[in-house]
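The following report describes the architecture of a single protein chain, from its overall dimensions to individual residues. The sequence and the structure are shown first.

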Amino acid sequence: MTSDLLQVRTWGTRGSLPVSGPEFVEFGGSTTCIEVRCGDHVLLFDAGSGLLPAGRALKAEGVKRSHLFFTHCHYDHIMGLPYYGGLFDPAATVDLWSGHMAGQMTTTDILKSFMRPPFFPVTPDICPARIQCHDFGAGEVLQPEEGITLQTGRLSHPGGAVGYRIGWHGRTVAIITDTEHDPGVLDPAILALIEGVDLFLYDACYTEAEMGLFRGFGHSSWQQALLLAQAAGAARVGMMHHAPWRTDAALRAMEDEAQAIFPGAFFARDGQLIRP
Ligand SMILES: [Zn+2]
Ligand SMILES: [Zn+2]
């Protein structure tokens with residue numbers, strides 16, 4: 001009997017490259033991996049290096065079924081995939097989903113072209129778990145399990161990326177990474193995904209002051225996240241995809257600034273549990 005529990009665990013909140021060291025203890029250094037638990041159903045978003053601790057925790061809990069949705073397949077969002085414990089459990093089933101390359105590359109192609117020599121010692125055939133690959137197009141509404149509504153939408157990122165809005169028993173969470181905004185413009189595709197949400201996580205890789213230096217890299221700012229949150233009537237917004245150079249002290253200072261403007265804002269930490 002599955003419950004109406006909805007909870008989010010941010011296993012990896014760093015963007016671009018994993019980092020470690022004394023300056024990255026509080027927020028952590030693992031790249032993007034977000035777990036959304038809908039009752040007993042386990043949904044994972046992205047397979048960054050945060051997928052390693054996620055897999056360990058799921059194994060300890062005895063979870064045998066998980067769905068993994070890719071926002072896109074840049075390295076920081078897939079590098080943890082071959083280290084996901086679920087793939088090495090013969091009793092487990094792992095569903096992989098992608099939609100950012102619809103019509104160009106299937107989820108199976110992405111998996112096989114990433115896990116292979118000379119980039120990796122073995123191919124996915126070595127994994128004893130049952131792997132089921134699914135393809136969709138951005139804009140489709142998915143129903144990976146009974147009672148879960150998963151809206152998808154196209155983000156603005158080189159090579160494409162998909163944003164997700166998860167609905168479960170009347171509560172909603174959205175994951176919006178990676179995406180770049182045009183100055184002064186609120187992306188209607190994003191507004192549609194975050195309208196009235198209880199929580200959304202957002203690509204806040206840069207500050208607004210840095211945006212000019214990194215045009216075309218496909219990322220956004222925490223200031224833009226606040227504008228989106230206010231326009232969409234979102235209750236909370238969690239910043240993620242922290243730049244690899246952003247220290248704990250810098251992130252804490254930005255969090256203080258953001259909360260002074262929008263009390264529901266925070267900067268996500270690796271391993272943080274959120275009940276929206
Ligand atoms: Zn990224
Ligand atoms: Zn990317």
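The model discussed here is predicted. The chain contains seven helices and 14 strands. Its C-alpha trace spans about 50 × 40 × 35 Å along the principal axes. A compact globule of 276 residues would have a radius of gyration near 19 Å, and the chain, with 17 Å, agrees with that expectation. Of the 276 residues, 46% count as buried. Among the contacts with a separation of 6 or more, 67% are accounted for by residues 24 or more positions apart.

**The seven-stranded sheet**

Seven strands form an open sheet with mixed pairing, in the order E6-E5-E4-E3-E2-E1-E14. Its edge strands are E6 and E14 (272-274), each of which pairs on one side only. From one strand to the next, the twist averages 20 degrees.

Three of the strand pairings are listed below, each with one pair of bridge partners.

| Strand pair | Sense | Bridges | Bridge partners |
|---|---|---|---|
| E3 (residues 41-45) and E4 | parallel | three | Leu44 and Leu68 |
| E4 and E5 (residues 93-98) | parallel | five | His67 and Asp95 |
| E1 and E14 | antiparallel | three | Val8 and Ile274 |

Strand E4 thus appears in two of these pairings, with E3 on one hand and with E5 on the other. How far is strand E4 enclosed by the rest of the structure? Four of the five residues of E4 (residues 65-69) are buried, so the strand is largely enclosed.

**Helix H1 and its crossover**

Helix H1 (residues 51-61) joins E3 and E4 in a right-handed β-α-β unit. The buried residues Leu51, Ala54, Gly55 and Leu58 belong to this helix. They lie on the same side of H1, because they cover an arc of only 95 degrees around its axis. The elements that cover them include E1 (6-12), E2 (33-38), E3 and E4. After the helix comes Gly62, which has a positive phi near 80 degrees.

**Helix H6 and its surroundings**

In helix H6 (residues 222-232), the buried residues are Trp222, Gln224, Ala225, Leu226, Leu228 and Ala229. Their packing partners comprise two helices, H4 (188-194) and H7 (248-261), together with the strands E11 (199-203), E12 (236-240) and E13 (265-267). Gly233, just after H6, takes a positive phi of about 65 degrees. A glycine with positive phi thus follows H1, and another is found just after H6.

**Arg116 in a loop**

Is Arg116 buried or partly exposed? Arg116 has 13 C-beta neighbours inside 10 Å and therefore counts as partly exposed; the buried class would require 20 or more. Arg116 is located in the loop between helix H3 (107-114) and strand E6 (130-135), the latter being an edge strand of the sheet. From Arg116 to Ser156 the separation is 40 residues in sequence and 29 Å in space, taken from C-alpha to C-alpha.

Definitions and conventions:
Residues numbered from 1 in each chain as written. Chains lettered and ligands numbered in written order. Predicted model: local features only at pLDDT ≥ 70, side-chain atom pairs only at ≥ 80, totals over all residues. Buried ≥ 20, exposed ≤ 12 C-beta atoms within 10 Å, placed from the backbone. Pairing = 2+ DSSP bridges. Right-handed = clockwise from strand over helix to strand, strands pointing away. Contact = placed C-beta atoms within 7 Å. Arc of directions from axis to C-beta. Axes fitted to C-alpha atoms, helices over the stretch in contact; angles between N-to-C directions. Rg over C-alpha atoms; globule rule 2.2 N^0.38 Å.
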